[in-house]
Amino acid sequence: MNNVSPQTVYLKDYQPVPYLAGEIFLRFVLEPEATEVASRIEFRPNPAVQRKGAPLVLDGERLELKSVQLDGELLDPSRYEVTATHLTIADVPQRPFTLEIITICHPKANSELSGLYVSSNVFCTQCEAEGFRRITYFYDRPDVMARYKVRIEGPKAACPVLLSNGNPGASGPIPGGDCHFAEWDDPHPKPTYLFALVAGNLALARDVYVTKSGRKVELRIYVETGKENRCGFAMEALKTSMRWDEERFGLEYDLDIFMIVAVSDFNMGAMENKGLNVFNDKYILALPETATDVDYVNIESIIAHEYFHNWTGNRITCRDWFQLCLKEGLTVFRDQEFTSDIRSRAVKRIADVKRLRADQFPEDGGPLAHPVRPVSYIEINNFYTATVYEKGAELCRMMQTLIGRDAFRKAMDLYFARHDGEAATVEDFVRCMADASGRNFDQFFTWYEQAGTPEVTVTETYNEAARAYELTLEQATPATPGQADKKPVPIPLGIGLVGPDGRDMPLDLDGVGVLNEPLIELNEAKKTFRFRNVVKKPVLSLNRGFSAPIRIKNAAPIPEQLFLMKNDGDTFNRWEASQRAAHALIRARLSGGVPAADTKSFIDALRTVLTDSRLDDAFKALMLGLPGEQEIATLIGRDIDPGAIHEARDALRAEIGQGLKDVLLDLWRKTESHAPFRPDPDETGRRSLRYAVLQALAGGNAALGIELASEQLAQATNMTDEIGALSTLVTLEGPEREAAIAAFHDRHKGDHLLVDKWFALQASAPLSSTPARVRELMRHPDFTLANPNRVRSLIGVLSMANPFAFHAEDGDGYAILADTILALDPKNPQVSARMATAFRSWGMLEEKRQALAKAQLERILGTTGLSRDLFEIVSKSLG
Ligand code: PHE
Ligand code: ZN
């Protein structure tokens, strides 16, 4: 191995800094090749730290240092030390002092998209988590908060727009040249990671929002010139978010202006910089003819997410990066609640659980498993994970479930009252939950510290004569790397005992009485709940609403699942029952046999659901969706043959398509519409059902699928219809497929977001020709490693959304991924490391594929000069 292990950072080593910062003044002279940054920072000794005379050690990377002045005096280079990562001044005054530093950075050459970089001629910064150190020397850590004043100077022609955080100040031409300047003042102290600067030639959409206390806020969305007509939906979503946070949490916006900038080169989805959010443009730009329903829903929730960070993240920030879930888990929970309130709660819950199972469960069960609050990392960028975000949100949700919505709101109020303006810890947050509710959260904290998905085993007995129903629950969490022994966690379980008539029976718990809330808590390793007065043998509906992020180990038999599919009063569990039944059928197929009667009764139950006029389209669409191949693999857990899983799942799909052909064709006709496109819940639901139906029909009869998809494609007037038809058509080999792919490129080649979709469509096809097609597309003139969205569209989709093709028997999928990672790593380590996580489940594959995947991981690890990011993912994946 040629790599020297990089340093690990530990939570237990946290130390406050010896010097605090007051005001920071930054002056930028923008030039793509070499931008000059002059900083003036007020420091003072930190009274809380007893390290008199400690050196001042500031972070800085890839900077050219021009000069350092201390209290106006130019320092001789012998007074300080500069390394590749730090500027150290050994001797600084033990009273307030001012440091002035001039550095040069190189935005044009910055391909990592962290720090100050240029994206399509726009200067743009990305500072979370540790990008500020590529702009100038400072304490680049979230517990050092400062008041920022910024002056930007740049060429008027290339950069008519000059933006930074806070409220706008003076601006105007600079005499004697083609440059102008703008000043910005942010009254709210913030850590470096929330700093932002944007400069370039951008168009803008404007609006105004009046807060509930009457403050007028100017709203602006900046986009590439010519796209200003594509921000209307984003602007509405922003205003809806602002209103919602006032109503649900009493939180108002706190500056005169709120700005969003959309850029096309971005490592992540979006960034919550104070007053100046920066977005991946795929999460802003939308017109009916360019964006799908899925895009609309994503835009709405990401706008909300970033906006909500203004309080959960910015006003109260994180003490250190181990506390990342403090802002991310909580803010995801808040955006989930937002979407639930403005759309359908059940649909949102199902979508979130699907995502948790697809991304977080495999992470939690593999070599990269880590607690929601990790205790160590090599590269913090690798910890923006499904565990920190999605499982982190589940923990907030469980706390709300345990104490109730009102107490949760009180706890949030207390959190802001206590910690506004501070850099807090997860302990601080959970203490507010405890103090506001009176409930002890000591044991709950284990959820933050323990990795792995708890498994619950269910045993039931029923005694008709005694009308007694006994439910015994046992929990165990599998070992994860570095955590062999697990403690029990408190598990809140929504519960229903469903009677033969489909109605819930009263929950009369021995020793407690009739429960006010249909909720039980499993706090210990094993517990028996005795229900009295249960007049008929019930069917158990457990973990209703997915009240806890656990796995129920022993699923009830198929007939009970089918009963719940048709009868459960909890919408989530109705869907869950369909998933469990489908799982059981697919697994039975995999092990060589499945009673035809079971498949038939499953199809009958689906028929009942699909023809029930009281159920909405979106829910029917979800019921029609089988569990994903990756999800099935995770459940089986070992000796996985992705090809066999694909076949078994396809076979069930074919039976559904054939067995329900009449119902499906009827729905196909009923969901046709020529009304103007609206991205609202009803219309979105209608279209989601339409394309779920198309997929099912195509699964049952390829020729029919091709016919319907081609017809639909020919008349499509919006992107949802276009992609809906195409995503089925690309799965069906034939001349229609190739013609449609070519036509899509012809029609949309001028729009980079649609070209991304074009790449993604082809990479998503579960065909044996897909790896070769992807290799061919990597040589397409439109393909580039420089743009993260493009890489994700082609290689990301192949490796993370197409198990059949990625796990091709000859290992070509693995080779494509490894080639890409190695080519990308020197340019953009954050994205190369993210791509490498697609290998994380290699250990559960069957022997042959395991060897092929492992060989690629070893090949990567054996390459010299790997980034810290990639090294961490690959070395941990190999275990
Ligand atoms: N903080 C961003 C969010 O979740 C994500 C992000 C992390 C963006 C790191 C860029 C860099 O809202
Ligand atoms: Zn976030």
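## Asn-543 and its loop

In this predicted model, Asn-543 sits in the loop that connects strand E32 (539–542) with strand E33 (551–552). Its phi is near 55 degrees, a positive value in a residue other than glycine. For context, most residues other than glycine have a negative phi.

Is Asn-543 buried or exposed? Asn-543 counts as buried, because it has 22 C-beta neighbours inside 10 Å and the cut-off for burial is 20 or more. Leaving out residues up to four places away in sequence, Asn-543 touches Leu-493, Gly-494, Ala-548, Ile-550 and Ile-552. Asn-573 is 30 residues away along the chain, yet the C-alpha atoms of Asn-543 and Asn-573 are separated by 7.9 Å.

## Two more backbone features

Arg-467 is another residue to look at for its backbone: its phi is near 50 degrees, which is positive although the residue is not glycine. Arg-467 belongs to the loop between strand E25 (455–463) and strand E26 (468–476). With 14 other C-beta atoms within 10 Å, Arg-467 is partly exposed.

The peptide bond leading from Glu-128 to Ala-129 is cis, with omega near -5 degrees. Most peptide bonds are trans. Ala-129 lies in the loop between strand E11 (122–126) and strand E12 (146–155), and both Glu-128 and Ala-129 turn up again in the next section, among the residues around ligand 1.

## The shell around ligand 1

Which residues surround ligand 1? Going along the chain, they are Gln-126, Glu-128, Ala-129, Met-268, Ala-270, Met-271, Glu-272, His-305, Glu-306, His-309, Glu-328 and Tyr-384. Strand E20 and helix H2 (293–308) each contribute at least two residues to this shell. Sorted by class, the shell holds five nonpolar, three polar and four charged residues.

## A five-stranded open sheet

Strand E20, which helps to line the ligand 1 shell, also has a place in an open sheet of five strands. The order of that sheet is E17-E18-E19-E21-E20, and the pairing is mixed. Its edges are strand E17 (202–210) and strand E20 (270–271), each of which pairs on one side only.

Within the sheet, strand E19 (residues 257–263) and strand E21 (residues 276–280) run parallel and are joined by five bridges. One position to pick out is Ala-262, whose bridge partner in E21 is Phe-279.

## The nonpolar core

Ala-262 and Phe-279 have a further link: both are in contact with Ile-284. Once neighbours within four places in sequence are set aside, the other contacts of Ile-284 are Ile-221, Val-223, Cys-231, Ala-234, Ile-260 and Ile-299. Which residues touch the most other members of the largest nonpolar core? They are Val-198, Val-261 and Ile-284, in a core of 243 residues. In soluble globular proteins, nonpolar side chains tend to be buried together.

## Strand E5, its partners and Glu-42

Strand E5 (residues 64–70) has antiparallel pairings with strand E9 (residues 97–105), over six bridges, and with strand E6 (residues 73–74), over two. Leu-65 stands opposite Thr-103 in E9, while Gln-69 stands opposite Leu-74 in E6. E5 and E6 make a hairpin with two residues between them, and Asp-71 in the turn has a positive phi of about 50 degrees.

Glu-42 is found in strand E3 (residues 35–45). With 16 other C-beta atoms within 10 Å, Glu-42 is partly exposed. Beyond its neighbours within four places in sequence, Glu-42 is in contact with Ala-21, Gly-22, Glu-23, Pro-96 and Thr-98. Glu-23 lies 19 residues from Glu-42 along the chain, with 5.5 Å between their C-alpha atoms.

## Helix H25

How many residues of helix H25 (residues 829–836) are buried? Eight of its eight residues are, so the helix is mostly covered. The buried set runs from Pro-829 to Ala-836 and includes Arg-834. Among the elements covering these residues are helix H22 (788–801), helix H24 (812–824) and helix H27 (868–878).

## The chain as a whole

The chain has 27 helices and 33 strands, and 49% of its 879 residues count as buried. Its C-alpha atoms fill a box of roughly 90 × 70 × 60 Å along the principal axes. The radius of gyration is 28 Å, which agrees with the value near 29 Å for a compact globule of 879 residues. Of the contacts with a separation of 6 or more, 71% join residues 24 or more positions apart.

Methods. Residues numbered from 1 in each chain as written. Chains lettered and ligands numbered in written order. Predicted model: local features only at pLDDT ≥ 70, side-chain atom pairs only at ≥ 80, totals over all residues. Buried ≥ 20, exposed ≤ 12 C-beta atoms within 10 Å, placed from the backbone. Helix = DSSP H or I, 4+ residues; strand = E, 2+ residues; numbered from the N terminus. Contact = placed C-beta atoms within 7 Å. Pairing = 2+ DSSP bridges. Near = placed C-beta within 6 Å. Nonpolar A, V, L, I, M, F, W, Y, C, P; charged D, E, K, R; others polar. Core = buried A, V, L, I, M, F, W, Y, C linked by C-beta atoms within 7 Å. Rg over C-alpha atoms; globule rule 2.2 N^0.38 Å.
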